[in-house]
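Subject: Structure handover

Hello,

The structure is below, with the sequence. My notes on it follow, grouped by topic.

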Amino acid sequence: MTVSLAASLIELALGSELGASGDAGRNRCTLEGVTWQSMPDGAVELRVRRFEAMALRLASDPFVLEIGRIDVRELVARLRTEAGVPRLVSVQADKAECSGLKLDGPLVLPPQIQKIREASQGVDASAATPTVAGQAAADAWRLAPLNEAEGTVRGQITDAHLLFDADVTVPIRHGQIDFNDATVEHVGPDSRMGVSRMGIYVDAPNGRSYLYQFAAAPLAGVVFEHRGTLLGPWVSERGKLQLQAFAESMLRQGRRGPGQGQTQQARLLLGRTSLSGELRLGEGLVAVPGLQVHLEGRHAIGVHSQSVGRGLKVEMASLAARDAAAAWKGAQMGFDRATAKLAIEILVEGPAMRFALHVENGIAEGLRIDLQRRGPDGGEGT
């Protein structure tokens, strides 16, 4: 099938505009084994035995998708005509392989994360009232792979004149941070990290400073510090964070209370902090509002940032996932199984955030996208 006809079908099916194709190497598409038929319900079913594209660029404001190569097998698309205009209602594919994929756009955070971020920036979100839908979304959080996390996160604070120049090392063992094992090394007597009922702190030679303050205690997944006896050390136990329970609890809370969030001191430090880390996550369900997927096996990830205040990069050399389901703007999407080598960049641009997803190579099986409008009874709308 000709490139121009294949490109026209892509634009029709995806509702996106192909990028400029002045370069002869751009937007090269081929379709094999194309058939279509009218269905009893009035829809048209389009079948493609194989769809292949090279150097593809799709734009759907404000997102841009670039694909070095994609190979889709046994694709089935259903279309309906409404007011004389064909509309895609569903897509299925047995298998899709891609390489050199990049998806770029604004990072739209779920309300719970957005409110925590506002808290970290000192924005007053205390007047917000959660809706029923918002409460349902809050209950959706599940981060099972954190329960078996192992690794080490290292931070280097440079020219942080508010406190000190320091090298921070935080080990993670069996899904837990034990602040007794965390180290904060710098010139002079070293400092110590810990967690009290007020928040996460650093005890430096010049006194205690809080990096993050809690709205109220106790929180799930936190073992608070213990004070020593009169003749013993001031703090005998620095406290622990059980990552899965603590993260889920923070995200479910969503809106902050008075005094919750990163301190001003911590926000300044993040701009001067570089970060690196190697972690191995466990397997299990990851569920956030609008998305859930099961991770299979253990996953090694790397975390890097030149300045945490400006963004970070997360790399995953081998992702293995199954039974994914997502909802976005009325569309239902999912796959049965997928493997990939990928990286995610988060960029902070003032109050806004952007992301860039890079997939070096990936394979997905049992792909499905449902764009049908649903009536109140759950049936297909008209």
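Two strands are taken as paired if DSSP finds at least two bridges between them. The model is a predicted one, and on that definition of pairing four strands form an open sheet in the order S11-S12-S13-S18, with antiparallel pairing. Strand S11 (192-195) and strand S18 (261-262) are the edge strands, each pairing on one side only. Within this sheet, six bridges hold strand S12 (residues 199-204) and strand S13 (residues 207-213) in an antiparallel pair. Val-202 faces Ser-209 of S13 across that pairing.

As for the chain overall, the secondary structure amounts to five helices and 25 strands. The chain has 382 residues, and buried residues make up 40% of them. Taking contacts between residues at least 6 apart in sequence, 58% join residues at least 24 apart. The accessible surface is about 20200 Å², and carbon and sulfur atoms account for 56% of that area.

Another antiparallel pair is strand S2 (residues 28-38) with strand S3 (residues 44-60), joined by ten bridges. Trp-36 stands opposite Leu-46 in S3. S2 and S3 make a hairpin with five residues between them, and Gly-42 in the turn has a positive phi of about 95°.

Which residues other than glycine have a positive phi? Most residues other than glycine have a negative phi. His-174 has a positive phi of about 50° and is not a glycine. His-174 sits in the loop between strand S8 (166-172) and strand S9 (176-178), and is exposed at a relative accessible area of 66%. Asp-323 is another such residue, with a positive phi near 50°. Asp-323 belongs to strand S23 (residues 311-328) and is partly exposed, its relative accessible area being 37%.

On disulfides, a search of the whole structure finds zero. Two cysteines can still be noted for their burial: Cys-29 is buried with a relative accessible area of 0%, and Cys-98 counts as buried at 16%.

Salt bridges are next. The count comes to 27, and three pairs are described here.

- Arg-238 forms a salt bridge with Asp-203, with the closest N and O atoms 2.7 Å apart. Arg-238 lies in the loop between strand S16 (235-237) and strand S17 (240-242) and Asp-203 in strand S12, so the pair ties together parts 35 residues apart in sequence. Arg-238 is buried, with a relative accessible area of 10%, and Asp-203 also counts as buried at 10% relative accessibility.
- Glu-296 and Arg-322 meet through their side chains in a salt bridge of 3.3 Å, N to O. Because Glu-296 lies in the loop between strand S21 (291-295) and S22 and Arg-322 in strand S23, this pair ties together parts that are 26 residues apart in sequence. Glu-296 is partly exposed, at a relative accessible area of 26%, and Arg-322 counts as partly exposed at 26% relative accessibility.
- Lys-95 and Glu-97 form a salt bridge between their side chains, at 3.7 Å from N to O. Lys-95 is partly exposed with a relative accessible area of 31%, and Glu-97 is partly exposed with a relative accessible area of 31%.

There is also a network of salt bridges, which links Arg-50, Glu-52, Arg-69, Asp-71 and Arg-73.

Two further sites are worth listing. Is Ser-307 buried or exposed? Ser-307 is found in the loop between strand S22 (299-305) and S23. At 4% relative accessibility, under the 20% cut-off, Ser-307 counts as buried. Leaving aside residues up to four places away in sequence, Ser-307 touches Leu-270, Gly-271 and Thr-273.

The other site is on the surface, where Trp-328, Met-333 and Ile-369 make a nonpolar patch of about 260 Å². Of these residues, Met-333 lies in strand S24 (residues 331-349) and is partly exposed, with a relative accessible area of 30%.

Regards

Notes: Residues are numbered from 1 along each chain as its sequence is written. This is a predicted model: local features need pLDDT of at least 70, side-chain atom pairs count only at pLDDT 80 or more; totals for chains, interfaces and linings use all residues. Side-chain values use heavy atoms; hydrogens and water are left out. Helices (H or I, at least four residues) and strands (E, at least two) are DSSP runs, numbered from the N terminus. A disulfide is a pair of cysteine sulfur atoms within 2.5 Å. Buried means under 20% relative accessible area, exposed over 50%, partly exposed in between (1.4 Å probe, protein chains only). Contact means heavy atoms within 4.5 Å. Accessible areas come from the Shrake-Rupley method with a 1.4 Å probe; for residues, only the protein chains shown count as cover. Patches are made of residues with over 30% relative accessible area and no salt bridge: like charges are joined within 9 Å, nonpolar side chains (Val, Leu, Ile, Met, Phe, Trp, Tyr) within 5 Å. A salt bridge is a side-chain nitrogen of Lys or Arg within 4 Å of a carboxyl oxygen of Asp or Glu.
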